[in-house]
Amino acid sequence: MLQCDIKRTPQDRDTPVKHAPPIAEYPPLRLAWALWSLGAALYLIGFFHRVAPGVLGPELSRDFALDAAALGNLSAFYFYSYVAMQIPTGLLADRYGPRRLLTAGAVCAAVGSLLFALAPTLWLAGLGRLLIGGAVAVAFVSMLKFSGHWFSPRHYALSAGVALFVGVLGAVGAGVPLRLGIDAFGWRAVMLASGVLTLAVALAIWLWLRDDPSERGYASYSPKPAAADGDGDGSVSALAGLGGVFRYRNSWLLAIAPGGVVGCVTTFAGLWGPPFLIQQYAMSATSAAALCSAVLICWALGGPIFGALSDRLQRRRAPYLLACVVAMICWALITQLADWPQWLLVVLLLVAGFCSGCIVIGFAYARESLPAAHAGAAAGVINMGVMSGPMLLQPLVGWMLDRHWGGALVDGLRHYDFAAYRAGFAVMLGWIALSALLLALSRESRPAG
């Protein structure tokens, strides 16, 4: 047998043998969720402020001498800036990363909360609400951007669903707990406390959250995109990023579709459902409010379940479309046909709320339909579509109610019969029907395993 004896020279013996560097492992799921929860804290705070005026109404009306229209406008300042910030937020998330964006958002939200709590005049209170809405608008999109780097594709839609659940927990906190806090300490003290808490969240995000697992020595689930548009870090310019999103057909379809789904559940459970239930089913105000809260809780529960189901099936379009159609049928039965047995009405409402959680699939669907460089911008576009639903449908349903009002008054307030409600709710049914059509026309993204 031929043997080869390779001897090392003295110089070779002094040179250490080089080994290939170890392959970095993906981050532990526990660590990913722990860091994700920091962004979720800001999202929870945002939901808290979104619905807080419903409980703060009497105090705000008394302190600022507001009528109903003025109170509604003060509350709406949150939504104006929130919606306006969605596309810029996506572009900023692509360029600057979740850590800096979430920290800045939390600081601005804290300033807005403090300004709102201390405001001596209505315009300063409105400015505080405007700051809060625009600031917390960065939370959800930044969390999606974070999830794309820290979670495997099979957990991405689940993380969006859990985010929705966490957000609704914030809305629940703005119900009975907020009322108890106001009764014990006053509304200004509670709002001050929320501002201080938000500052603490900002500090925690800056200290611990990182944009990519590579900053902690782990492998990233999102490969760094090639340089584009002259940016050495692979980010795209704002206009190029936005233009890139809208070059894809799925972007248009998936941006319009969730507005109908979310618009139905928030228009009913968040505004017009309680008077409808009181009028048509003789419920007490407490029972109607409790049922609408249950609809929102089912919505929150549906989010992570539909997200996990979509991840497991490795399909986006089919579960999204099926749930949308089921929700549409439930809303049609509830709002267009009268005198359901109360137990069946409750079932229909809870199923409609649960199926509305399917909207979380749209974020994974859009992300997988576009190149990675546009992930943040795509999430911003989709979230803007989500928020356009309640922003447009709530006043549209009210306008339709007024157009079909028969002239009756009860205790000085307008009394709407079932025909008026049926006409008003027909508007939201039209949008959710459009949502189903658009989802049917979308192309499956074929998510990675």
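User: Contact means heavy atoms within 4.5 Å. On that basis, which residues does Asp-211 touch, not counting residues up to four places away in sequence?

Analyst: The model is a predicted one. In it, Asp-211 is found in the loop between α11 (187–208) and α12 (238–245). Leaving aside residues up to four places away in sequence, the residues that Asp-211 touches are Tyr-96, Gly-97, Pro-98, Arg-99, His-149 and Trp-150.

User: Which side chain of opposite charge is nearest to Asp-211, and how far away is it?

Analyst: Side chains of opposite charge can pair when their charged atoms come close. A salt bridge requires a side-chain nitrogen of Lys or Arg within 4 Å of a carboxyl oxygen of Asp or Glu. Asp-211 is buried and has no salt bridge. Its nearest side chain of opposite charge is that of Arg-100, at 5.4 Å.

User: Which residue has its backbone nitrogen 2.7 Å from a polar atom of the side chain of Asp-211?

Analyst: Although Asp-211 lacks a salt bridge, a polar atom of its side chain lies 2.7 Å from a backbone nitrogen. The residue concerned is also among those that Asp-211 touches. That backbone nitrogen belongs to Arg-99.

User: How many salt bridges does the structure hold, counting every pair?

Analyst: One pair is Glu-59 with Arg-62, and another is Asp-63 with Arg-188. Arg-316 also forms a salt bridge, with Asp-311. The number of salt bridges held by the structure is three.

User: Why are Glu-59 and Arg-62 separated by about one helical turn, and what is the distance between their closest N and O atoms?

Analyst: Glu-59 and Arg-62 are about one helical turn apart because they lie three residues from each other in helix α3 (residues 53–64). With a relative accessible area of 10%, Glu-59 is buried, whereas Arg-62 is exposed at 59%. The closest N and O atoms of this salt bridge are separated by 4.0 Å.

User: How many residues apart are Asp-63 and Arg-188, the pair that links distant parts of the chain?

Analyst: Asp-63 and Arg-188 form a salt bridge whose closest N and O atoms are 3.9 Å apart. The pair links distant parts of the chain, as Asp-63 is in helix α3 and Arg-188 in helix α11. Asp-63 counts as partly exposed at 40% relative accessibility, and Arg-188 counts as partly exposed at 28%. Their separation along the chain is 125 residues.

User: Is Arg-316, which pairs with Asp-311, buried or exposed?

Analyst: The closest N and O atoms of Arg-316 and Asp-311 are 2.9 Å apart. A residue counts as buried under 20% relative accessible area. Asp-311 is at 3% and therefore counts as buried. Arg-316, at 0% relative accessibility, counts as buried.

User: Which helix gives the most residues to the nonpolar patch?

Analyst: The patch covers about 700 Å² and is made by Tyr-80, Val-107, Val-111, Trp-123, Leu-127, Leu-130, Leu-131 and Leu-199. Val-107 is placed in helix α6 and, at 35% relative accessibility, counts as partly exposed. Both α6 (98–118) and α7 (122–136) supply at least two residues of the patch. With four residues, the helix that gives the most is α7.

User: Where is Ala-282, which has a positive phi although it is not a glycine?

Analyst: The phi of Ala-282 is about 55°. Because its relative accessibility is 71%, Ala-282 counts as exposed. Ala-282 is found in the loop between α13 (249–281) and α14 (285–313).

User: What is the relative accessible area of Asp-339?

Analyst: Asp-339 is a residue other than glycine with a positive phi, near 60°. Its place is in the loop between α15 (317–336) and α16 (342–355). Asp-339 is exposed, its relative accessible area being 68%.

User: What is the distance in space between Gly-398 and Trp-272, C-alpha to C-alpha?

Analyst: Gly-398 is in helix α18 (residues 375–403) and is buried, with a relative accessible area of 10%. In sequence, Gly-398 and Trp-272 are 126 residues apart. From C-alpha to C-alpha, their distance in space is 8.2 Å.

User: Of the residues of the protein, what percentage count as buried?

Analyst: The secondary structure comes to 19 helices and two strands. One buried residue is Ser-435, at 0% relative accessibility, which lies in helix α19 (residues 418–441). Of the 449 residues, the buried share is 51%.

Technical notes
Residues are numbered from 1 along each chain as its sequence is written. This is a predicted model: local features need pLDDT of at least 70, side-chain atom pairs count only at pLDDT 80 or more; totals for chains, interfaces and linings use all residues. Side-chain values use heavy atoms; hydrogens and water are left out. Buried means under 20% relative accessible area, exposed over 50%, partly exposed in between (1.4 Å probe, protein chains only). Lys and Arg count as positive and Asp and Glu as negative; His and the chain ends are not counted. A polar contact is a pair of N or O atoms within 3.5 Å; within protein, one must be able to donate a hydrogen and the other to accept it, and residues adjacent in sequence count only if both atoms are side-chain atoms. Patches are made of residues with over 30% relative accessible area and no salt bridge: like charges are joined within 9 Å, nonpolar side chains (Val, Leu, Ile, Met, Phe, Trp, Tyr) within 5 Å. Accessible areas come from the Shrake-Rupley method with a 1.4 Å probe; for residues, only the protein chains shown count as cover.
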